[in-house]
Amino acid sequence: MPVTNQALPGGYQLLNYRIDRQISRGGFSIVYRAFDDTGSPVAIKEYLPSSLVLRTEGDVVRASSAENLTSFRYGMKCFFEEGRALAKINHPNVVRVLNFFRANETVYMVMRYERGRTLQQQIQMRQDQMSERFVRHVFMHLLNGLREVHTHKLLHLDIKPANIYLRTDGSPVLLDFGAARQTLTNTRPKLAPMYTPGFAAPEQYRDPDRLGPWTDVYGVGASMFACLAAFAPQAADARVQEDHLVSAKKIWAGQYSDNLLEVVDWCLRLDPLERPQSVFALQKAIRDIPPKKRKLSILGNIKRVLFSEIRA
Amino acid sequence: MRFTIFQESRKGSRRINQDRIAYTYGRDTLLMVVADGMGGHAGGEIAAQICVRLFVERFQQEAKPILRNPLKFLQDTMLRAHAALGSYANQFSMLETPRTTCVAVVVQAGFAHWAHVGDSRFYLFRQGTLIGSTKDHSKVQYLVDQGIIGAHDVAQHPDRNKIFSCLGGLVDPVIDLSKRTPLRNGDVMVLCTDGLWSVLPQHEIAHWLTSQPVLKAAPAMMREAEKRGGPDGDNLSLICVRWGPETLTDEPSTTITETMGLGEFETQIDRTITLTDRKGQQRDLTDDEIERAISEIQSTIQKYRK
Ligand SMILES: Nc1ncnc2c1ncn2[C@@H]1O[C@H](COP(=O)(O)OP(=O)(O)OP(=O)(O)O)[C@@H](O)[C@H]1O
Ligand SMILES: [Mg+2]
């Protein structure tokens with residue numbers, strides 16, 4: 001019978017925070033909503049890699065074996081790396097860390113609580129196509145945050161709609177800093193990250209020495225693709241074998257601007273060197289919206305008609 | 001001693017960061033050091049790292065409780081770093097000796113002392129006016145001195161990266177030492193690498209740092225400099241100190257050393273992690289390390305709180 005870790009119960013007093021409820025549970029952590037001593041809500045992430053530690057009752061976390069204790073502590077180092085990096089980032093589009101502490105034999109990261117929903121939920125809920133305006137708005141702001149992340153020498157490595165949070169006012173917040181997990185992959189398979197198929201870049205599977213800003217750029221491209229398609233692009237490891245991904249420019253010709261579609265395709269190139277090499281380069285490409293060529297639109301229409309006739 | 005200090009190093013648009021920076025202080029003395037490494041592969045990073053560590057270690061050995069002769073300390077340590085880089089290259093039979101620039105400042109008994117090699121800079125501002133600075137050991141600086149080009153041409157000049165003095169390498173370094181310079185409250189000291197000064201002219205730096213609190217102005221300056229560096233911006237590093245109690249901000253940001261024990265040191269070495277360099281040896285964390293990591297994160301949170 002699989003043993004699962006118990007979440008801290010509602011009402012539990014964790015330092016000066018009162019746990020309200022569990023918001024989410026992942027492979028490495030549980031996220032809770034809690035209230036601080038002034039009654040303001042916060043989100044608290046508890047380091048709890050499910051493959052390594054156990055908490056079948058009570059609050060104290062125990063490693064399930066001596067060997068796992070080493071891995072648990074090692075993984076903690078990565079949680080620290082995440083905290084350390086996030087602590088430096090004070091940016092409206094990156095989740096803000098408010099506190100970091102040790103308790104119950106594990107560690108906790110307190111974040112500003114954000115109201116809204118993930119982009120993933122947003123995609124799943126929508127009936128009709130997402131507007132170009134919305135996609136541009138979300139990603140331009142998100143890229144500002146990601147840029148700040150990169151300038152602090154951190155890669156996110158898990159950019160996907162589920163880790164992009166949309167506040168109720170529509171502004172995006174980048175959550176869940178997977179970068180730390182990367183450190184775990186090389187030696188300890190037990191803590192190996194779950195790459196999210198479709199959003200992870202090919203080098204994340206094969207070539208960890210080639211990770212760079214372009215790796216996150218792939219995740220951004222895949223997330224934009226998912227906004228348009230409502231599903232993820234073909235997984236990169238499969239694409240490397242046999243690439244079935246149809247370019248965004250073909251699929252949505254006429255429905256979104258060429259510029260946006262070209263940018264999506266550019267980000268999704270398999271060769272890291274062929275993608276935008278930095279967030280800055282990507283932002284520049286998105287920002288350079290070609291002026292609406294009214295005069296040329298007849299030509300464009302002709303082309304489109306020709307194209308559809310050829311296909312027909 | 002009372003001062004407000006900020007340091008940060010960024011990769012800019014480069015793949016790796018070859019800049020290293022650190023400061024360390026005891027109750028009555030403060031050291032700051034910035035190094036900008038050069039050389040293929042890991043060479044530059046290694047050179048800068050060795051240089052900065054050597055400075056911090058020697059400082060903590062010799063400052064008991066203060067340095068007997070700060071200028072001599074600066075000079076000796078530069079020479080030792082130069083020698084250490086040579087023997088490092090020998091030991092690992094590297095084709096190219098790792099090399100680095102270096103600028104270091106010691107403040108004690110109310111006086112600043114600085115030394116430099118290469119084109120990493122030191123500026124001392126008083127009420128927005130430059131009252132002390134280093135002069136690059138570079139080809140373009142030579143051209144400026146000869147009146148061949150103007151000071152404002154330096155940042156864009158094709159030879160701007162050519163320096164004639166550095167630590168490591170075949171020739172002995174030229175080391176410039178400052179005078180013993182008295183400080184007043186409100187003076188601002190800046191150490192930076194060329195990634196910063198080549199995009200932020202000195203008068204702008206002066207303006208940023210005299211109109212706003214250091215902990216606000218300095219990170220903003222870094223962001224702006226990186227933005228200006230653009231898609232091929234160099235690594236950029238900055239250490240800024242406002243001497244005396246911070247008066248521009250209403251939040252406590254002043255470091256007060258009077259309460260420190262004799263022989264105690266506080267040190268910050270910027271750990272400029274290279275993005276690809278994530279394969280460190282796996283090792284268990286001790287309880288002590290956990291506590292230290294947490295307190296470091298907490299102090300970072302405090303520092304970057306708006
Ligand atoms: N600051 C926050 N405010 C509100 N909700 C949050 C916040 N942080 C996280 N959440 C919620 O918790 C969910 C999971 O968070 P996150 O992605 O950080 O962890 P995770 O995917 O479980 O991480 P891991 O993979 O490390 O276990 C998010 O999708 C979001 O719904
Ligand atoms: Mg997540």
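Student: Is the crossing in which helix 1 of chain A passes helix 7 of chain B left-handed or right-handed?
Tutor: This is a predicted model, in which local features need pLDDT of at least 70 and side-chain atom pairs count only at pLDDT 80 or more, while totals for chains, interfaces and linings use all residues. Residues are numbered from 1 along each chain as its sequence is written, chains are lettered from A and ligands numbered from 1 in the order in which they are written, and side-chain values use heavy atoms, leaving out hydrogens and water. Helices are DSSP runs of H or I with at least four residues, strands are runs of E with at least two, and both are numbered from the N terminus. A crossing is left-handed if the near helix is turned anticlockwise from the far one by less than a right angle, and right-handed if clockwise; the crossing of helix 1 of chain A with helix 7 of chain B is left-handed.

Student: At what angle do helix 1 of chain A and helix 7 of chain B pack, and is that parallel or antiparallel?
Tutor: Axes are lines fitted to C-alpha atoms, for helices over the stretch in contact, and angles run from 0 to 180 degrees between N-to-C directions. Helix 1 of chain A (residues 66-88) and helix 7 of chain B (residues 287-303) have axes 8 Å apart, at an angle of about 15°. Angles under 35 degrees count as roughly parallel, over 145 as roughly antiparallel, 65 to 115 as roughly perpendicular and the rest as oblique, so these two helices are roughly parallel.

Student: How many nonpolar, polar and charged residues does the contact of helix 1 of chain A with helix 7 of chain B have?
Tutor: Contact means heavy atoms within 4.5 Å, and on the side of helix 1 of chain A the contact includes R73(A), M76(A) and F80(A), while helix 7 of chain B contributes, among others, D287(B), I290(B) and A293(B). Ala, Val, Leu, Ile, Met, Phe, Trp, Tyr, Cys and Pro count as nonpolar, Asp, Glu, Lys and Arg as charged, and the others, Gly among them, as polar. By these classes, the contact has 8 nonpolar, 2 polar and 5 charged residues.

Student: With the side chain of which residue does the side chain of E203(A) make a polar contact?
Tutor: E203(A) belongs to helix 5 of chain A (residues 202-206), and it is buried because its relative accessibility is 2% (buried means under 20% relative accessible area, exposed over 50%, partly exposed in between, with a 1.4 Å probe and protein chains only). A polar contact is a pair of N or O atoms within 3.5 Å; within protein, one must be able to donate a hydrogen and the other to accept it, and residues adjacent in sequence count only if both atoms are side-chain atoms. Beyond its neighbours within four places in sequence, E203(A) has contacts that include W214(A) and P272(A). At 2.8 Å, the polar contact of its side chain is with the side chain of R275(A).

Student: The side chain of R242(B) reaches the backbone oxygen of which residue?
Tutor: R242(B) sits in strand 12 of chain B (residues 236-243), and a relative accessible area of 9% makes it buried. Apart from residues within four places in sequence, its contacts include F3(B), D187(B) and V214(B). Its side chain comes to 3.2 Å from a backbone oxygen, that of P245(B).

Student: What distance separates the C-alpha atoms of E258(B) and D28(B)?
Tutor: E258(B) is in the loop between strand 13 (255-256) and strand 14 (266-269) of chain B, where a relative accessibility of 43% makes it partly exposed. Not counting residues up to four places away in sequence, it touches M1(B), R2(B) and R27(B). E258(B) and D28(B) are 230 residues apart along the chain, yet their C-alpha atoms are separated by 7.8 Å.

Student: Which residues does a cis peptide bond join, with omega of about -10°?
Tutor: Most residues other than glycine have a negative phi, and most peptide bonds are trans. In the loop between helix 1 (43-62) and helix 2 (70-91) of chain B lies P65(B). The cis peptide bond joins K64(B) and P65(B).

Student: Is A109(B) buried or exposed?
Tutor: A109(B) lies in the loop between strand 5 (102-108) and strand 6 (111-117) of chain B, and its phi is positive, near 55°, although the residue is not glycine. Since its relative accessibility is 63%, A109(B) counts as exposed.
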